[in-house]
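Trainee: Could you take me through the empty spaces in this protein, and what surrounds them? I'd like a close look at that one part.

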Amino acid sequence: MAVPGARARGWAAAARAAQRRRREERTGGPARPEPASRRAALYVHWPYCEKRCSYCNFNKYIPRGVEEAAMRKCLVTEAQTLLRLSGVRRVESVFFGGGTPSLASPHTVAAVLEAVAQATYLPADSEVTLEANPTSAPGSRLAAFGAAGVNRLSIGLQSLDDAELRLLGRTHSAGDALRTLAAARRLFPGRVSVDLMLGLPAQHVGPWLGQLQELLRRCDDHVSLYQLSLERGTALFAQVQQGALPAPDPELAAEMYQAGREALREAGFRQYEVSNFARNGALSTHNWTYWQCGQYLGVGPGAHGRFVPQGAGSNTREARIQTLEPDNWMKEVMLFGHGTRKRTPMGRLEMLEEVLAMGLRTDVGITHQHWQRFGPQLTLWDVFGTSKEVKELLERGLLLLDHRGLRCSWEGLPVLDSLLLTLLPQLQEAWQQRTPSLVPGG
Ligand code: SF4
């Protein structure tokens, strides 16, 4: 694809925009903290990639050329529209994800941040993350993203084995990944995350753990471990179907995950979420918003959001999905100011289900106070305190329910999905009993 170069003009504009934001911060933002309904995280989706990875079923496109100026204009317009519709006054974090957002020019990143800072309050120390692919992110380009306002990088490293990287269809080698990681650490010390995959076909625990140990000698303060999920329609799925590759072994993947989390714990990392590990307090505040069911706006093709639209005479949070295909999305943004394809009002039960499923992914789980914000009519004790099935999970040491709230134990976190098979029906039943006159989810 044609990747617009980060020309001197673009860099200078980006740097000026970021400096202006810092100046505005020094001259004073709002002194009062905004209520939760006025705060949000912002996700920005860059839908393009250089090449299709063999396992990927994300919303991404491999174009011949990108009309970046048009894309930039639409991202800015949609961000402005959604900020206005949501009535959000403070954006606490911005995440540029994709696709491969490190293929966008720093100028585009700066333009979006500038628009956000003009429409709302974006504190100078807000977390601004960019996902970076090693081959599209040499040090000079990373520096330009820093000048544009990015202050955290998430590097899609995936593996430190060249044969595995080829299998995954990645465009980088292990050497590229380590060079990018070193450059990123110099530019964003303490704010670099790396993704490592596990559970690949023919992958074994020992060699994978060796990769993780190598990574632990090189990495910064944040690591994400992701299990490969074999998705229908991907090249890897077809290879496994045809017998060209062995199917990934879920038991081996579980062993890798367990060995990995122990190695990370020994290295001083806190497992603060099912897939995420941080030390020195380097948690991702943006992702934390998702797990705490905070509001977030999703800008760009196929982006998802959750917020309460203002001025519609309703307090109902909506789940929103933007139009998937970039050209159609751009046409809609140019016509209507946004490319929202689907708006679904979320019922109170649905919200509580999300609070439960997302909150239990974290090590702090769901505090009583947090639960009360979403379900004042039903306490955690009401829902789970008298259930025989839940009692059994507590007795097996997989779950804890106490004065702090509800959370998974170290042993429970890896089997969260199976715990939810008990907990979600329990919530639905308690909700029906407590609010029999309401339609489910109403
Ligand atoms: S770079 Fe990421 S989004 Fe793009 S094809 Fe690969 S996995 Fe998918």
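Mentor: Here is a walk through the cavity, one of the pockets and the shell around the ligand. Keep in mind that this is a predicted model. The mean pLDDT of the protein chain is 92, with 90% of its residues reaching 70 or more. Be wary of residues 1–12, though: pLDDT stays under 50 there, even if the model gives that stretch 23 contacts beyond four places in sequence.

Let's start with the enclosed space. Rolling a probe the size of a water molecule over the atoms shows where empty space is left. In this structure there is one cavity of 30 Å³ or more, and the largest cavity comes out at about 50 Å³. Its lining is made up of Val44, His45, Trp46, Leu75, Phe96, Pro101, Ala104, Thr108, Val109 and Leu130. Two elements, strand 1 and helix 3 (106–119), give two or more residues each to that wall, and strand 1 has the largest share, with three. As for chemistry, eight of the cavity's lining residues are nonpolar, two are polar and none is charged.

Strand 1 turns up again when we move to the second largest pocket. About 700 Å³ of space lies in this pocket, and 26 residues line it. Nearest its centre you'll find Ala36, Cys293, Gly294, Arg317 and Arg373. Strand 1 (39–46), strand 2 (90–98), helix 10 (285–291), helix 12 (348–359) and helix 13 (368–374) are the elements giving two or more residues to the pocket lining. The mix of classes here is ten nonpolar, eleven polar and five charged residues.

Those two strands are worth a pause. Glu92 and Arg39 form a salt bridge through their side chains, 3.7 Å from N to O. Since Glu92 sits in strand 2 and Arg39 in strand 1, the pair ties together parts that are 53 residues apart in sequence. Across the whole structure, a search finds 17 salt bridges.

Finally, the ligand. Around it are Cys49, Lys51, Arg52, Cys53, Tyr55, Cys56, Phe58, Lys60, Gly99, Thr100 and Arg170. By class, that shell splits into five nonpolar, two polar and four charged residues. So put the two side by side: four charged residues in the ligand shell, and no charged residues in the lining of the largest cavity.

Conventions: Residues numbered from 1 in each chain as written. Predicted model: local features only at pLDDT ≥ 70, side-chain atom pairs only at ≥ 80, totals over all residues. Heavy atoms only, no water. Near = heavy atom within 4 Å. Nonpolar A, V, L, I, M, F, W, Y, C, P; charged D, E, K, R; others polar. 1 Å grid on protein atoms, 1.4 Å probe; cavity = no way out; pocket = protein on both sides within 12 Å on 5 of 7 lines; lining within 4 Å. Points joined across faces, edges and corners; volume = space filled by probe spheres on them. Helix = DSSP H or I, 4+ residues; strand = E, 2+ residues; numbered from the N terminus. pLDDT = per-residue confidence, 0-100. Contact = heavy atoms within 4.5 Å. Salt bridge = Lys/Arg side-chain N within 4 Å of Asp/Glu carboxyl O.
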